[in-house]
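Got your viewer open? Load the model and get ready to click along as we go from the outside view to single side chains.

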Amino acid sequence: MAEYVYPAVFHPNHDEEGSYTIIFPDLPGCISEGKSLENALYMASDALRVWLTCTEEMGDKIPPASTYWDIQTEGDEFVSLVRAVIRDNRAVRRTVSLPKWMDEKASDAGLSLSKILQDALKEYLSIS
């Protein structure tokens with residue numbers, strides 16, 4: 001798991017919805033938009049995560065983040081730091097043990113033990 005923090009410039013669009021356009025000066029083409037400030041913060045994090053994931057998958061180098069105070073803004077724009085966590089979603093094999101009767105019941109019910117284990121671990125670890 002890798003964690004990244006990049007400065008983003010939030011530009012208010014001055015429309016009825018109070019929407020924002022978000023750009024990441026360090027990441028070419030990483031742009032998003034939010035319908036409100038709360039939504040813009042969520043969309044910025046999601047855009048950052050997707051951009052970084054795609055860049056890693058293509059084998060390209062991820063540029064370093066600028067410092068907060070090096071980012072120039074105009075008018076009523078503002079800078080906010082945005083965080084993204086990139087998880088390695090490659091499957092790994094683990095050996096687990098369970099009683100034979102439980103395995104038979106799960107097989108009879110057509111259940112995926114891998115899916116059930118993943119869901120249970122997410123809940124147990126409070127991972128969304």
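Start with the surface display: the protein chain has an accessible surface of about 9,700 Å², and 53% of that belongs to carbon and sulfur atoms. Accessible areas here come from the Shrake-Rupley method with a 1.4 Å probe, and for residues only the protein chains shown count as cover. Keep in mind that this is a predicted model, where local features need pLDDT of at least 70 and side-chain atom pairs count only at pLDDT 80 or more, while totals for chains, interfaces and linings use all residues. Residues are numbered from 1 along each chain as its sequence is written, and side-chain values use heavy atoms, leaving out hydrogens and water.

Now switch to cartoon. You should find 3 helices and 4 strands in the protein chain, and walking from the N terminus the order is β-β-β-α-β-α-α. (Helices, H or I with at least four residues, and strands, E with at least two, are DSSP runs numbered from the N terminus.) How spread out is the chain? Its radius of gyration is 21 Å, well over the 14 Å that the globule rule gives for 128 residues, so the chain is more spread out than a compact globule. (That radius is taken over C-alpha atoms, and the rule is 2.2 Å times the number of residues to the power 0.38.) Turn the C-alpha trace around and you'll see it span about 70 × 35 × 20 Å along its principal axes.

Next, colour by burial. Of the 128 residues, 24% count as buried; buried means under 20% relative accessible area, exposed over 50%, and partly exposed in between, with a 1.4 Å probe and protein chains only. As for contacts (heavy atoms within 4.5 Å), take those between residues at least 6 apart in sequence: 51% of them join residues at least 24 apart.

Time for some rings. The whole structure holds 2 aromatic pairs. Rings of Phe, Tyr and Trp (its six-membered ring) pair if their centres lie within 6.5 Å; planes under 30 degrees apart are stacked, over 60 edge-to-face, and the rest tilted. Select Phe10 and Phe78: this pair is stacked, at 5.2 Å centre to centre with 5° between the planes. Phe10 sits in strand β1 (residues 2-12) and Phe78 in strand β4 (residues 78-86), so the pair ties together parts that are 68 residues apart in sequence. Phe10 is buried at 0% relative accessible area, whereas Phe78 is partly exposed at 28%.

Add Tyr20 to your selection. Tyr20 and Phe78 make an edge-to-face pair, 6.0 Å centre to centre and 75° between the planes. Here Tyr20 in strand β2 (residues 20-23) is linked to Phe78 in strand β4, 58 residues apart. Tyr20 is buried too, at 15%. Together, ring pairs link Phe10, Tyr20 and Phe78 into a cluster.

On to the cysteines. How many disulfides does the structure have? A search finds 0, a disulfide being a pair of cysteine sulfur atoms within 2.5 Å. Select Cys30 and Cys54 to see why: the sulfur of Cys54 is 9.9 Å from the closest cysteine sulfur, in Cys30, too far for a bond. Cys30 is buried, at 3% relative accessibility, while Cys54 is partly exposed at 38%.

Last stop: Thr55, in helix α1 (residues 37-57). Is this residue buried or exposed? Thr55 counts as buried, at 6% relative accessibility. Show what surrounds Thr55 and, leaving aside residues up to four places away in sequence, you'll find it touching Asp60, Lys61 and Ile62.
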